[in-house]
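Colleague: Please choose one part of this structure and look at it closely, explaining each term as you come to it. I would also like to see how that part relates to the rest of the chain.

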Amino acid sequence: MAKKTSKSSAPSPTLTHIGATGEAHMVDVSDKPATERVAVAEGRVVMKPATLELILSGDAKKGDVLGTARIAGIMAAKRTSELIPLCHPLALSKVTIDITPDKKLPGCIVRATAKVAGPTGVEMEALTAVSVACLTIYDMIKAAERGVRIEGIHLLAKTGGKSGDYVADARAK
């Protein structure tokens, strides 16, 4: 379950990208004020301990796994509107990708933060950044292990905008 705090209380949620007759459309945000908006997303890349050690030692055949994944995630966030059909192109002010190796998992926890001052949120940019960073880790280590799993990609939090702030419930992970 997720915890949501909102400044407005709508009676029921609506699908904003669906028109009155059921057609998909891009939401008109021209009347919405530009506000600071931040979104944080997370995902995990689960692998064998030996594969994680390969990453940490810097001996992966394709090179710096975590550095490459970090750049790929940032690049992906910047191109989200080209990948997700109804997303607005945004002038992102900041994107960060934090990748934490976790020997207990074993694997890597990937977290992306996207920030913009604009009329629409950056949740899709943060989620896209995490997804592509995770896929890049997989691509860079697949020669060592094909059974790597990407899992748990989800929105952790978002701030700003008319719908208010959102923080994922810790039990939802």
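Modeller: The answer below is about helix α4 and its surroundings. This is a predicted model, in which local features need pLDDT of at least 70 and side-chain atom pairs count only at pLDDT 80 or more, while totals for chains, interfaces and linings use all residues. Residues are numbered from 1 along each chain as its sequence is written, and side-chain values use heavy atoms, with hydrogens and water left out.

To place the helix, begin with the whole chain, which has 4 helices and 6 strands; here helices (H or I, at least four residues) and strands (E, at least two) are DSSP runs, numbered from the N terminus. Read from the N terminus on, the elements follow the order β-β-α-α-α-β-β-α-β-β. Of the 173 residues, 38% count as buried, a word that stands for under 20% relative accessible area, with exposed meaning over 50% and partly exposed in between (1.4 Å probe, protein chains only).

Helix α4 covers residues 123-141. Its 19 residues reach 28 Å from the first C-alpha to the last, close to the 27 Å expected at 1.5 Å a residue, where the expected span is 1.5 Å times one less than the number of residues. Among the buried residues of α4 are E125, L127, T128, V130, A133, C134 and I137.

T128 is a useful residue to follow. T128 counts as buried because its relative accessible area is 9%. Its side chain reaches the backbone oxygen of M124 at 2.7 Å, a polar contact (a pair of N or O atoms within 3.5 Å; within protein, one must be able to donate a hydrogen and the other to accept it, and residues adjacent in sequence count only if both atoms are side-chain atoms). Apart from neighbours within four places in sequence, T128 is in contact with A76, T80, L83 and I84, contact meaning heavy atoms within 4.5 Å.

The helix also belongs to a larger group of residues. The largest nonpolar core has 31 residues, and those with the most contacts inside it are M47, V65, I97, I99, V110 and I137; such a core is a set of buried Ala, Val, Leu, Ile, Met, Phe, Trp, Tyr and Cys residues joined through side-chain atoms within 4.5 Å. Two or more residues come from each of β2, α1 (49-57), α2 (65-78), β3, β4 and α4, and α4 gives the most, with 9 residues. V110 shows how the helix meets other parts of the chain, since, leaving aside neighbours within four places in sequence, its contacts include A41, I97 and I99, and also V130, A133, C134 and I137.

Strand β4 (residues 107-118) pairs with β2 (residues 35-46) in the antiparallel sense over 12 bridges, two strands being paired if DSSP finds at least two bridges between them. Strand β4 also pairs with β3 (residues 94-102), again in the antiparallel sense, over 9 bridges, and β3 and β4 form a hairpin with 4 residues between them.

One cysteine of α4 remains to be considered. The sulfur of C108 is 8.7 Å from the closest cysteine sulfur, in C134, which is too far for a bond, and the count comes to 0 disulfides, a disulfide being a pair of cysteine sulfur atoms within 2.5 Å. C108 is itself buried, because its relative accessible area is 0%.
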